[in-house]
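Please take a moment to look over the sequence and the structure below before reading on. The paragraphs that follow lead through the two chains, then the interior, and then a few single residues.

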Amino acid sequence: MRFVPLLLAGLFRKKTRTVLTLLSVMVAFMLFGLLQAVTTAFESGADSADAKRLLTTARYSIIELLPLSYLRRIEGVPGVVGAAHAEWFGAKYQNESNAFPVFAVDPARYLDMYPEFTVAPAEREAFVKTRTGAIAGRRLVERFGWKVGQKLPIASEIHPRAGGDMSWEFDLVGVIDAEDPAVQGNTDMVLINVAHFDEARQNARGRTGWYIIRIADSGQAKEIAAGIDRLFANSPDETKTQPEKEFAIGFAKQIGDIGALISRILAAVFFTILILTGNTMAQSIRERIPELAILKTLGFSDTRVTVLVLAEAALLLLIGGAVGMAAAVGMLPFLNGSTGGRFPPLYVETGTWIGAVAVAVALALMVGLPPAWRARRLRIVDALAGHR
Amino acid sequence: MRALRQIAQITWVNLRNLPQRLGTSLVIVIGIAGVAGVLVSVLSMAEGFRHTLASTGRGDRVIMLRAGSDAEMSSGVARDQAALLASLPAIARDGAGRPLASAELVVMVDLPRRGQTDPNNVPFRGVQAAAFAIREELTVVEGRRFNRAVREVIVGRRAAQQFEGLGVGSRIAFRDSDWTVVGIFSSGGDVHESEIWADAEVATSAFRRQGFQSLTARLVDGSDAGLADLTAAVKRDPRFSIRVWREPEYYAKQSKVLETLINVLGYTVAAFMALGATFGALNCMYSAIASRQVEIATLRAIGFGSAPVVVSVLIEALVLSAIGGALGGGLAYLYCDGASLSTLNFDTFSQVAFDFRVTWTLLGKGLLWALVIGVVGGVPPAIRAARLPVTLALRAS
C-alpha cells in the first residue's frame, strides 16, 4: 500500500493528459455498458423463458389461426397442467400502427400461465368478470397516462366488429407489472377479454392465434410437444409445439444477429481506445525514464518497477471503466423512460460488469506490458546518462 | 498578406515534420477513422434498407388496402370488391381491354436462412396475371414464370440468396401442398425481391383464403389529378371501405420503424465515439505542442505572430482528422458496401433483404464528423501554443 502515493504521483504527473485519457476510457466503457444492455434486452426473451411453458402455433406459419376447440384436447395430453390461448389484435392507437401489442385472452387461464406477472387480486378479479375489460402493462400505462377505470379506445387493423367497424373500446380495469427487468419487457402489452372480442368480431370467430401450455416436468417438454402435434397431424390445422425458450430464440434470430453487430461496433471502439491509451502510456513512461532509473538506483527491483508501470495502466483503465459503467447505469432509467414500452427495458446485468472488468484488465495488459518491459530492461547507467 | 505567408510557412514546417511525430499523429488518425468507420457503416445499413423500400413502386401505380390498415398483412379486400375496384375507369387497361390491376394475397411462410434451421417469416405473394404487365421492372433472370393453375412459384433474387432451398427446380412444402420453384426474378433491387410469388388463385385455395389483401394497379393518368379521380370514385361508392395509396408513398411508410431504430443506434454510438476521440485528439495535439514548445517559441521570438501559430496547429489537426475520416469511410466502403442482410421489418412483420449502401453523402457525413472532431480537438491546444510566454518556453528544455 505504501506505493499508492508513488502510483498516483506517476499517474497525475501530467494532469491534463491523464484526465483526457480517463475521459476517453470512460466513454468507451459507457458505450460498452449501453450496447451490452441492448444485447441483453434482445436476449431477454430467451432468458426469461419458463422451461415449463410450451407454445403451440400453426405448423406452417405463425400468422395462421387455430381452432379454439383445441384447448380441451391439449389439456387432455398427459403431462399438461394447464393451457391458455391468445390472439393478435393488431392494435392501432392514436393513429399509430402497432403502437403496442394487444392480445385477446381468457383472463384467468392466461394469467395462470405467467406467474411471474403481478396483477393485484382485485384487478385480476375485475378483468375476469368484465367482458369488455382490459389490463395493461405498467410502462404503457405510464407512457400514455392511463387511469384504471377509464375507457381505452383502440382500433384494430385486422379485426372488424360485426358490421365492419374497425374501432373498439375497452374498460381498463387493471395494471400488469413484473419485478424482474428481464420479464418486465413482456408486460408491455394490453390484454383484452376474449369473451367479448370473439362474440363481437365479424370474422374468424372460434379461432385463436396460439396456445400457451404449462407442463409438470420440463424434462418431458419434447415428448409432450410431440404428443400435442400428433393429436392434430393430418388435420386441416396442423400445429407446431415448442418450448418457450426455443420459440424466443427463433424469433430473435428472425431479426438477425444483433449480438454480432454490436460486438463488431465494440471491437472498433476498444481498438481505438487501445491505440489512444497505449500511446499515452508509452509517452508517459518515455518521459520518466530518468525517474525510473533513480527508483532502481534507490534499490527498487526490476520486478517492482515493472509492477509499478503495469499497476499505473491498470489503475487508469479500471477507474475509467468503473466511471463509464456507472454512467451507463445512471443513464438507463432516462432511456427507458423515454422509450416507454416501444422497446424492452434496458438494464446492465452482472455478466456485463464481469465483461467490463475482463476487458479493462486485458486492455491494461496490452497497454501496460510494452512500457513495463521497457522499464524492466532499463540499464541505470544508460538511463541516467540520458540515452533512451 | 504577411500573416498568410507566415501561416503557410509554419504550416509547411509542421506538416513536413509530421513523419517524425508519426506515433502521435497516427493515434489521431486511427481514433477518428474509428468514429467515421462506425458511423458510415451503421448508417449504410439504414441507407440500404431505406433505398430498397424507396425504390419499390412507381409513381403511376397505386396500392389499395382496407381503410384503417397500414400494411398488406393486416388488410383485407373481398373478391367481389377487388373485381369492382379493378373495373373503375381511372385504372389503365392493356391492349385487349383488360384492367392493369392485380388483386394479391400475402401470407407468411416459414423458411430457414441458409445453413440454419430456425424458421423466418418469408412473404409469399399470390398475384393475378396482370401483375407482370403492371410491374415492368420485373424480369425472370433464371428459369421461367409460373404457369397458372399449378403449384409453381418464382422466387425473388434476394430471397433465393438468403433462404435455404429456393433454387430453380427445388420443391418447397407449405401447408398440405408441395410447390416447385420454376424461376428466379429480379425487380431492380426492390422489396419484392425478398418475396416468393405464385398464381393468386392457386395460392388462395392452397392457403384456404377467401379474399385478397390488396389490389395493385396502374393509373390511366399518373398525375395528382388522375389519383384524385380514383380516390374520389372509391370514396363515392358506399360498397368500398378502401384507402388508395400511391405505391412509393405506401412502401416508404413501411421503412419507418426499422430505419429510425438503425439511425438512432448509428448516431448514438458515433456521437459517444466522437466524444472519446475528441479527448484523444486533444491529448495528442497537446503533446504535439509540448514537444515543439521550443520550436514554437523560437518562431515567435523571431517575429511570427501568434495567430499564424494557432492557425497552423489547427490546420495540422484538420489534415490529420481528414485523413482519419477518409480512412474510416474507405474501410466502411471496403467492408460493408454491397454486403447483404435480411431482417424482420417490424412494419410488415416479414423478412426483408437489402444491401448495405455506402453513398457519397454518407462518406461526406463521415468526413464532416471527422473535421468537427479535428476542430474541437485542435483549437484548445493551438490557443495554448500561442499563449505560451516566449521566454518561459525557450528556457523549458
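**A walk through the two chains**

A:Ile63 is a convenient place to begin, and it is found in chain A, in the loop that runs between strand S1 (53–58) and strand S2 (66–67). The model in which it appears is a predicted one, and the values given for it here are computed from that model. With a relative accessible area of 25%, A:Ile63 is partly exposed, because the range for that class begins at 20% and ends at 50%. Leaving aside residues up to four places away in sequence, A:Ile63 touches B:Met73, B:Val107, B:Met108, B:Arg209 and B:Phe349. Within chain A, the C-alpha atoms of A:Ile63 and A:Trp210 are 9.2 Å apart in space, although 147 residues separate the two in sequence.

From the other side of this contact, B:Met73 sits in the loop between strand S1 (61–66) and helix H3 (79–86) of chain B. B:Met73 counts as partly exposed, at 22% relative accessibility. The residues that B:Met73 touches, again not counting those up to four places away in sequence, are A:Ile63, B:Val106, B:Met108, B:Gln213 and B:Thr348. B:Met108 is therefore named among the contacts of A:Ile63 and also among those of B:Met73. Between B:Met73 and B:Asp178, which are 105 residues apart along the chain, the C-alpha atoms are separated by 23 Å.

Stepping back to whole chains, chain A has 15 helices and 13 strands, while the secondary structure of chain B comes to 13 helices and 12 strands. What radius of gyration does chain A have, when a compact globule of 388 residues would have one near 21 Å? The value for chain A is 30 Å, and its C-alpha trace spans about 95 × 45 × 35 Å along the principal axes. For chain B, with its 397 residues, a compact globule would likewise come near 21 Å, but the chain has 30 Å, and its C-alpha atoms fill a box of roughly 95 × 50 × 35 Å along the principal axes.

Burial and surface can be read chain by chain as well. In chain A, 51% of the 388 residues count as buried, and the chain exposes about 17,000 Å², with carbon and sulfur atoms supplying 61% of that area. In chain B, buried residues make up 55% of the 397 residues, and the accessible surface comes to about 16,100 Å², of which 61% belongs to carbon and sulfur atoms. When contacts between residues at least 6 apart in sequence are considered, 81% of those in chain A join residues at least 24 apart, and for chain B the share is 79%. As for charge, the mean positions of the 41 positive and 37 negative charges of chain A are 11 Å apart, whereas chain B has 40 positive and 33 negative side chains, with the centres of the two sets 10 Å apart.

The interior comes next. The largest nonpolar core has 90 residues, and those with the most contacts inside it are A:Phe29, A:Leu35 and B:Val269. Helix H9 (residues 256–291) of chain B gives this core its largest share, 15 residues. A:Leu35 shows how residues of both chains can meet, since it touches A:Ile262, A:Ile265, A:Leu266, B:Leu265 and B:Val269, not counting residues up to four places away in sequence. A second, separate core has 46 residues, among them B:Val62, B:Val122, B:Trp179 and B:Leu227.

In chain A, helix H9 (residues 221–231) has A:Ala221, A:Ile224, A:Ala225, A:Gly227, A:Ile228 and A:Asp229 buried, and what covers these residues includes S1, helix H3 (70–75), strand S3 (80–88), strand S12 (210–215) and strand S13 (239–243) of chain A.

Two loop residues close the tour. Most residues other than glycine have a negative phi. A:Asn95, in the loop between strand S4 (91–93) and strand S5 (96–97) of chain A, has a positive phi near 65°, and at 65% relative accessibility it counts as exposed. B:Arg208, in the loop between helix H6 (200–206) and strand S9 (214–218) of chain B, is not a glycine either and has a positive phi of about 50°, while its 38% relative accessibility makes it partly exposed.

Terms used. Residues numbered from 1 in each chain as written. Chains lettered and ligands numbered in written order. Predicted model: local features only at pLDDT ≥ 70, side-chain atom pairs only at ≥ 80, totals over all residues. Heavy atoms only, no water. Core = buried A, V, L, I, M, F, W, Y, C linked by side-chain atoms within 4.5 Å. Buried < 20%, exposed > 50% of the residue type's maximum accessible area, 1.4 Å probe, protein only. Helix = DSSP H or I, 4+ residues; strand = E, 2+ residues; numbered from the N terminus. Contact = heavy atoms within 4.5 Å. Rg over C-alpha atoms; globule rule 2.2 N^0.38 Å. Areas by Shrake-Rupley, 256 points an atom, 1.4 Å probe, with all protein chains shown as cover. Lys, Arg positive; Asp, Glu negative; His and termini not counted. Charge placed at Lys NZ, Arg CZ, Asp CG, Glu CD.
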